[in-house]
Every structure is written in structure tokens, then in C-alpha cells.
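Visitor: Before we begin, I should like to ask on what grounds certain terms are applied to this model. Please show it first.

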Amino acid sequence: MRGIQGKRVLITGAAGGIGRATAQRFFDEGARLLLCDVRALADTSLAALFPERMDYVVGDISTEAGLSAVEAAFGDAGVDVLVNNAGITRDKSSLKMTNDDWDRVIAVNLTAVFRLSQLVARKMKERGRGGVILNAASVVAHTGNFGQANYAATKAGLIGLTKTMARELGRAGIRVNAVAPGFIDTPMARAVPEAHIAGLCERTPLARLGKPEDIAAAYCFLASDDAAFITGTCLNVDGGLVI
Ligand SMILES: NC(=O)c1ccc[n+]([C@@H]2O[C@H](COP(=O)([O-])OP(=O)(O)OC[C@H]3O[C@@H](n4cnc5c(N)ncnc54)[C@H](O)[C@@H]3O)[C@@H](O)[C@H]2O)c1
């Protein structure tokens, strides 16, 4: 895709299903990667790419220490593209959800995204070369989902954050967009009971779960110059699930 070659791309949650595919896709398009996850790189097939065009930070982006480690890694050079992909679930019906379930999901899925975007966008503005910020929303932001009050609230919150930062940063040439995956075949989705997954496939016009590569392609497109006039949008990549 146009304009990815040589770009500095920071991806959070890079050891997970979608993060790994996204890192691979940007790497294949010629980007220089800065990856971050609470899990070590040794867990993943990405280890094979290291250290060519890649740095890896083990850190929790919901903590000051984790954010500082990532900030130190991108340093004065900053990044051209930030993919806020890291996310967690702590599912329980609303009446059973504990304060800790609520707080932890808000901290990782929403507050950490805001904090990291703020750090990255300040640097992008200072450098004066624009940039792209991409956020991992979800179709449940539009539909809600049983047992996911905390998660759905963060994903809906990310869409509001995306639109707001797009308005605020557009003049600086910084585009901000979200991707809302449907059910994607990763460990996160496989935590859902098998019968529920079968039902989802039935209700999906394209009749399958998504692949991590489907989401990686959307991120790559939105980061590319082919999406130069797209900002403040949330792109559903869900096989038509929420039509
Ligand atoms: N899989 C799906 O069906 C689906 C659907 C909609 C949205 N999403 C979103 O896409 C993103 C990726 O999902 P996935 O399915 O690849 O999940 P995953 O669990 O496979 O990967 C998430 C990664 O984030 C990392 N992570 C978690 N907390 C972190 C923290 N505090 N700091 C740094 N890293 C952290 C995890 O270690 C993990 O490697 C998430 O934001 C998720 O909410 C996924």
C-alpha cells in the first residue's frame, strides 16, 4: 500500500492474534516496527523477524512505567503510525461485575489508549509531518453484548475519542480512525462458547469468523496514503454482522 514503506509504526498488544498479524502486515509493507505487549516476544512467531526493522518493548501500557518504556523506545524520532490494538475482556453480567472488572478494562482499553495517543500525537505535532492514529473498537460498541458492559463501554468510548481527536488534530495532518472488528478468530474470541460462535457465523452474511489478517489489512489501508482523506471514521470489518 502507498506510503507505508519506511514508516515508523507502533503497535500495542503485538503478541496477540490481531496484533501479530498487523505487525506482520506492516513489516511486509516495508515499515519499521516498534512493538509492545505485556507478554514477551519469545511467545510469538514474530521472534523470527527480530531484530530486522523491529524493536520490542515488554510493558503494561496501563501503567506509568509501561508508558514511559514505550515513550523512551520511540524517543525523539517519534512514530508515524500508532495502532492502539491492546485490549482485554473481563466478562460478567452487569449485576455480577466487580469494581475491579470494570476498572481494569477501562484502564487498559480506554485510559491507556488516550494516554499513549496523547504522548504520540504531541510528538507528531512537534515533528510537523502529520501521522496516523488507529484505535481498536469493536462491533459491540454499536450493538452491546451480553456480559460485556465494561468492554462495550470502552469500545464505544474509543469511537467518541477517535472522532474528537480527529477534529482536534486534523489541522496538524494527523488522521485518527477506528476499526470495529466483528468476531475474529483469535484466543480472545475463542473464549466464547462454541455454540455461540456457530450462531454468530450463521448470522454473518459472509458466513465465517474474521481472520486477524482481515483486520491487519484494514489498519494498513487506513494508515496508507490511499486513505489520505479519511479521518474520524470507524470502519466495521465484520463480514456484515451488524448490517
Ligand atoms: N478477536 C476479536 O474478535 C475482536 C473483536 C473486536 C475487537 N477486538 C479488539 O482487537 C484487539 C486485539 O484483540 P485480539 O483478539 O488480538 O486479542 P488478544 O488477546 O489475542 O491480544 C491482545 C493483546 O494485548 C496484550 N495486552 C493486554 N493488556 C495489555 C497491556 N495493559 N499492555 C500491553 N499489552 C496488553 C495481550 O497480552 C495480548 O497479547 C483488542 O483491542 C480487542 O478488544 C477483537
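Visitor: Which residues of helix 3 are buried?
Guide: This is a predicted model. In helix 3, the buried residues are V105, V108, N109, L110, A112, V113, L116, S117, V120, A121 and M124. They pack against strand 1 (8-12), helix 2 (64-74), strand 4 (81-84), strand 5 (131-136), helix 5 (149-169) and strand 6 (174-181).

Visitor: Why is A227 called buried?
Guide: A residue is buried if 20 or more other C-beta atoms lie within 10 Å of its own. A227 has 20 other C-beta atoms within 10 Å, so A227 is buried. A227 is placed in the loop between helix 8 (212-223) and strand 7 (234-237). Beyond its neighbours within four places in sequence, A227 contacts F221 and L222.

Visitor: What makes the span of helix 3 close to the expected one?
Guide: The expected span is 1.5 Å times one less than the number of residues. For helix 3, with 29 residues, 42 Å is expected, and the helix reaches 40 Å from its first C-alpha to its last; the two values are therefore close. Helix 3 nevertheless bends by about 40° at A107, and G128, just after the helix, takes a positive phi of about 75°.

Visitor: Which residues have the most contacts inside the largest nonpolar core?
Guide: They are V9, L82, I133, L134, V179 and Y219, in a core of 65 residues. Helix 3 gives the most to this core, with nine residues. Setting aside residues up to four places away in sequence, I133 touches L82, S117, V120, A121, M165, I174 and V176.

Conventions:
Residues numbered from 1 in each chain as written. Predicted model: local features only at pLDDT ≥ 70, side-chain atom pairs only at ≥ 80, totals over all residues. Core = buried A, V, L, I, M, F, W, Y, C linked by C-beta atoms within 7 Å. Buried ≥ 20, exposed ≤ 12 C-beta atoms within 10 Å, placed from the backbone. Helix = DSSP H or I, 4+ residues; strand = E, 2+ residues; numbered from the N terminus. Contact = placed C-beta atoms within 7 Å. Bend = angle between axes of the 7 residues up to and from the residue.
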